[in-house]
Amino acid sequence: MRWSQALIPTLKETPADAVAASHILLTRAGLIRQLGAGAYTYLPLGLRVLRKASQIIREEMDRAGAQELLMPALSPVELWKESGRHANMGGILMELKLSGDRHYVLGPTHEEVVTDIARDLINSYKQMPITLYQIQTKFRDEPRPRFGILRTREFLMKDAYSFGSDLAQLNTAYDAMYEAYCRIFDRCGLPYAAVEAESGPIGGDSSHEFMVPCSVGEDSLIQCGACGYAANRERAEIGKPGQAVPQDHSAPAHQKVHTPGVRTIEELSKFLKVKTSATAKLLVFMADDKAVAVLIRGDHEANEAKVRRAFGASTLEPADAQQIIKATGAPIGFLGPIAIKIPFAVDHSVAAMATVVVGGNEEDVHFTGVIPGRDFALDRVLDLRNAEQGDPCPRCAGTLSVAQGIEIGHVFKLGTKYSKAMGANFLDDQGQSHNSIMGCYGIGVNRILAAAVETGHDDNGIIWPLAIAPYDVLVVPLQVTNALVMADAALLEERLTDAGFDVLLDDRDLRPGVKFKDADLIGVPLRVVISERGLKEGTLEVKWRHEKEAKTVPLQGGADAIAGMMREARAAHAAKCETRQVIRKSGHSSTN
């Protein structure tokens, strides 16, 4: 491809609304263009990267035994009502009304559609196990699209769904997809971590998330450097506190303190001149429409996924003011655990405190000197809060670290959540009917691009991993008006293309500095410069994008030398991927 004939609209200036490095550089390098909030056009360079990532995904999904199909983006709203998700997808469903008063949904994911296929076409144990996948556009009414293509309303996803006749088949499919994902992200050159995760609105009872550490990531990555434990914020467990502070149950009774207008933990801490860690807050939730409460330390944040599991609830949401007063008789800001009448649980960190300051369950009142276990029950003490930097690891004696991360993939064990709701059944070898046992597995293809740029760039532009770069080699003739220079450049392009490499030839009549800046910006892995001086000296200048210094190779046989460099780089990357797979399978590490 000749640059002069390509649509590569590079920009010198940073887009005004761009914050994330990937948003800035993908826009400046001419890979994407925003059409509206959360909607992007992938220009030719961007589409090339997207297709290369998709091809790696296809190869590894096929290798894992999955079969590709393509389901429609439009699905009847009745399917979503059947599964029960129409009412609880959190407002992200994009619904539309078509002619004949027919209501449809633009698919945010395809569990309902694929389950409909399974109940019609997969009805015998002899047809299972089977895994189906597609690479398809998804639509979600994201309320806050931001960070370029990291959070959008329209995006490309690889979604796969497994159907099995028993748990053994589900586990086999899950493991195969997990390994396939590791190979995909290895091949794409991403520094990912596989972490324990919550299933969220998808449902299911077991899942892992694949995350790339990144400062603009909207997920939190919790890890232990000692044992390799890793989980996302929603799922991360916390080890029990060390030696608890001794509690003296014979100490004087707790004291009632008048705290006029003091409703927040910060206000309480300032008013009583105590640390926020010396206080506790009672939070009320509606768990399956029933009021429950949790008591956590004032400086901690409740983890709603843990709270939901603590009470065995399918749904959980914070109670509003009216629900709180109805359930407890106490006003917001003064809730406490003493004589509380609704089910409640206590976080480990509160149970381990010698004394604590809590709400008095009446306006403008708090209690000091409250002793856990004496003044309120410790019948249900659980891990109920978000993990924080330095918390004890739940698996070993180490401590947890917290970093931001981008979710690029997620695998779930769904069980019978959808097959039971929608009647996707099969007959066993005795003619008995059972619900199919399902798994689902998603990859955000767009996010592979964003994650690659977030983790691979410098002040000058993008540094693409070799496997997904839009072009492998950029040939840069410096004097395009010199027929000999252009002839050699064209010959080099032809020979490298014939050798199986993607080549971009920068035939623009521009100053060398401008060409080099654009070369660094778009991030092609290997740059080859042909100049009048080089022709006289019989050399070509070659430079890897990730290296500072250029070097020369002989002009004679230059195409073969450059092809050899590319093959060596590919072989080294493949060997690195194989090593990671060996380490992973040996159980020495859960992260990359």
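Helix α2 (residues 44–63) and α5 pack at an angle of about 150°, their axes lying 9 Å apart. That makes α2 roughly antiparallel to α5, a label for angles over 145 degrees. The α2 side of the contact (heavy atoms within 4.5 Å) consists of Ile-56, Ile-57, Glu-59, Glu-60, Met-61 and Arg-63, and the α5 side includes Met-177, Tyr-181 and Arg-187.

A word on the model: this is a predicted structure, where local features need pLDDT of at least 70, side-chain atom pairs count only at pLDDT 80 or more, and totals for chains, interfaces and linings use all residues. Residues are numbered from 1 along each chain as its sequence is written, and side-chain values use heavy atoms, without hydrogens and water.

Now follow α5 (residues 167–187) to its other partner here: its axis and that of α15 come within 10 Å and cross at roughly 150°. Here Tyr-178 and Cys-182 are among the α5 residues in contact, with His-573 and Cys-577 among those of α15.

Here is how the two contacts look by residue class:

| Contact | Nonpolar | Polar | Charged |
|---|---|---|---|
| α2 with α5 | seven residues | no residues | five residues |
| α5 with α15 | three residues | two residues | seven residues |

α15 (558–586) also helps line the second largest pocket, as does α11 (445–455), each with at least two residues. The largest share of that lining, five residues, comes from α15. The pocket has a volume of about 570 Å³. Of its 22 lining residues, the closest to its centre are Trp-464, Pro-465, Leu-466, His-546 and His-573.

How values were computed: 1 Å grid on protein atoms, 1.4 Å probe; cavity = no way out; pocket = protein on both sides within 12 Å on 5 of 7 lines; lining within 4 Å. Points joined across faces, edges and corners; volume = space filled by probe spheres on them. Helix = DSSP H or I, 4+ residues; strand = E, 2+ residues; numbered from the N terminus. Axes fitted to C-alpha atoms, helices over the stretch in contact; angles between N-to-C directions. Nonpolar A, V, L, I, M, F, W, Y, C, P; charged D, E, K, R; others polar. Parallel < 35°, antiparallel > 145°, perpendicular 65-115°, else oblique.
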